[in-house]
Amino acid sequence: MPEPPPEEDFAYAVLRVVPDLVRGESLNAGVLLFCRRSRFLAARASLDRAALATLAPAVDADAVQRHLEFLSAVAAGDRSAGPLAALPQSERFGWLTAPSSTVVQPSPVHTGLLCRDPAGELDRLYDRLVAR
């Protein structure tokens, strides 16, 4: 029987929609996960339009959705996202998690130590922190 892959450390951040900086309310809309040793960087995001409409009815949900899609494309290294997507994974993660005052903001970076399956960990974090 083959040995399971080694446990790796990882870092993640939550993508939050903050429609009004003054009010400070936010809606979790995605998760970024970076595992350097596994060479894994990905985002999983979705916009709960009903929750956003309740929180901030005047916000352009289509624009927020495009922003989330752009961030996901950068994480994936998708060339359609422009020069940022061509950066090495660690630099993309740093750019994606840099503090921002835009409508979509990353949380502080959190770390984890026990990850054998980065894609599965991303799904677990998404289910726990974003899915409703």
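Trainee: Let's start with Asp123: buried, exposed or partly exposed?

Mentor: Good place to begin, and keep in mind that this is a predicted model. Asp123 has a relative accessible area of 35%. Buried means under 20% and exposed means over 50%, so a value of 35% makes Asp123 partly exposed.

Trainee: Which residue forms a salt bridge with Asp123?

Mentor: The general idea is that side chains of opposite charge can pair when their charged atoms come close. Here the closest N and O atoms are 3.1 Å apart. The partner of Asp123 also counts as partly exposed, at 30% relative accessibility. That partner is Arg44.

Trainee: How many residues apart in sequence are the parts that Arg44 and Asp123 tie together?

Mentor: Look at where each residue sits: Arg44 is in strand S3, while Asp123 belongs to helix H4, residues 118-129. The pair therefore joins two parts of the chain, and their separation in sequence is 79 residues.

Trainee: Which residue is linked with Arg44 and Asp123 in a network of salt bridges?

Mentor: The structure holds 7 salt bridges. Some of them join up, and the network here contains Arg44, Asp123 and one further residue. That residue is Asp127.

Trainee: And Asp48, which residue forms a salt bridge with it?

Mentor: Asp48 is in the loop between S3 and H1, and its partner is in the segment after H4, 84 residues apart. Asp48 is partly exposed at 28% relative accessibility, whereas the partner is exposed at 72%. The closest N and O atoms lie 3.2 Å apart, and the partner is Arg132.

Trainee: Where do Arg124 and Glu121 both lie?

Mentor: These two form a salt bridge, with their closest N and O atoms 3.1 Å apart. They are 3 residues apart, about one turn of the helix. As a general point, an α-helix has 3.6 residues a turn, so residues three or four places apart point the same way. Both residues lie in helix H4.

Trainee: Glu121 has a relative accessible area of 14%, so is it buried or exposed?

Mentor: Arg124, its salt-bridge partner, is partly exposed at 46%. Glu121 touches Phe10, Leu33 and Cys115, leaving aside residues up to four places away in sequence. Its 14% is under the 20% cut-off, so Glu121 is buried.

Trainee: Which helix gives the most to the largest nonpolar core?

Mentor: In general, nonpolar side chains in soluble globular proteins tend to be buried together. The largest nonpolar core here has 24 residues, and Val17, Leu32 and Val64 are among those with the most contacts inside it. Strands S1, S2 and S3 and helices H1, H2 and H3 each supply at least two residues. With 7 residues, the top contributor is H2.

Trainee: How far does H2 reach from its first C-alpha to its last?

Mentor: H2 has 16 residues, and at 1.5 Å a residue the expected span is 22 Å. The model comes close to that value, with a reach of 23 Å.

Trainee: Which residue caps the N-terminal end of H2?

Mentor: Look for a side-chain oxygen beside the backbone nitrogen of Asp62: the two atoms lie 3.1 Å apart. At the other end, H2 is followed by Gly77, whose phi is positive, near 75°. The capping residue is Asp60.

Trainee: Phe70 and Trp95 pair their rings, but is the pair stacked, tilted or edge-to-face?

Mentor: This is one of 3 aromatic pairs in the structure. Phe70 is in helix H2 and Trp95 in helix H3, so the pair ties together parts 25 residues apart in sequence. The ring centres are 6.3 Å apart and the planes meet at 80°. Planes over 60 degrees apart count as edge-to-face, so the pair is edge-to-face.

Trainee: Last one: which residue has a positive phi of about 55° although it is not a glycine?

Mentor: Search the loop between S2 and S3. The residue there counts as exposed, at 69% relative accessibility. Its name is Arg39.

Note on methods
Residues are numbered from 1 along each chain as its sequence is written. This is a predicted model: local features need pLDDT of at least 70, side-chain atom pairs count only at pLDDT 80 or more; totals for chains, interfaces and linings use all residues. Side-chain values use heavy atoms; hydrogens and water are left out. A nonpolar core is a set of buried Ala, Val, Leu, Ile, Met, Phe, Trp, Tyr and Cys residues joined through side-chain atoms within 4.5 Å. Buried means under 20% relative accessible area, exposed over 50%, partly exposed in between (1.4 Å probe, protein chains only). Helices (H or I, at least four residues) and strands (E, at least two) are DSSP runs, numbered from the N terminus. Rings of Phe, Tyr and Trp (its six-membered ring) pair if their centres lie within 6.5 Å; planes under 30 degrees apart count as stacked, over 60 as edge-to-face and the rest as tilted. A salt bridge is a side-chain nitrogen of Lys or Arg within 4 Å of a carboxyl oxygen of Asp or Glu. Contact means heavy atoms within 4.5 Å. The expected span of a helix is 1.5 Å times one less than its number of residues. A polar contact is a pair of N or O atoms within 3.5 Å; within protein, one must be able to donate a hydrogen and the other to accept it, and residues adjacent in sequence count only if both atoms are side-chain atoms.
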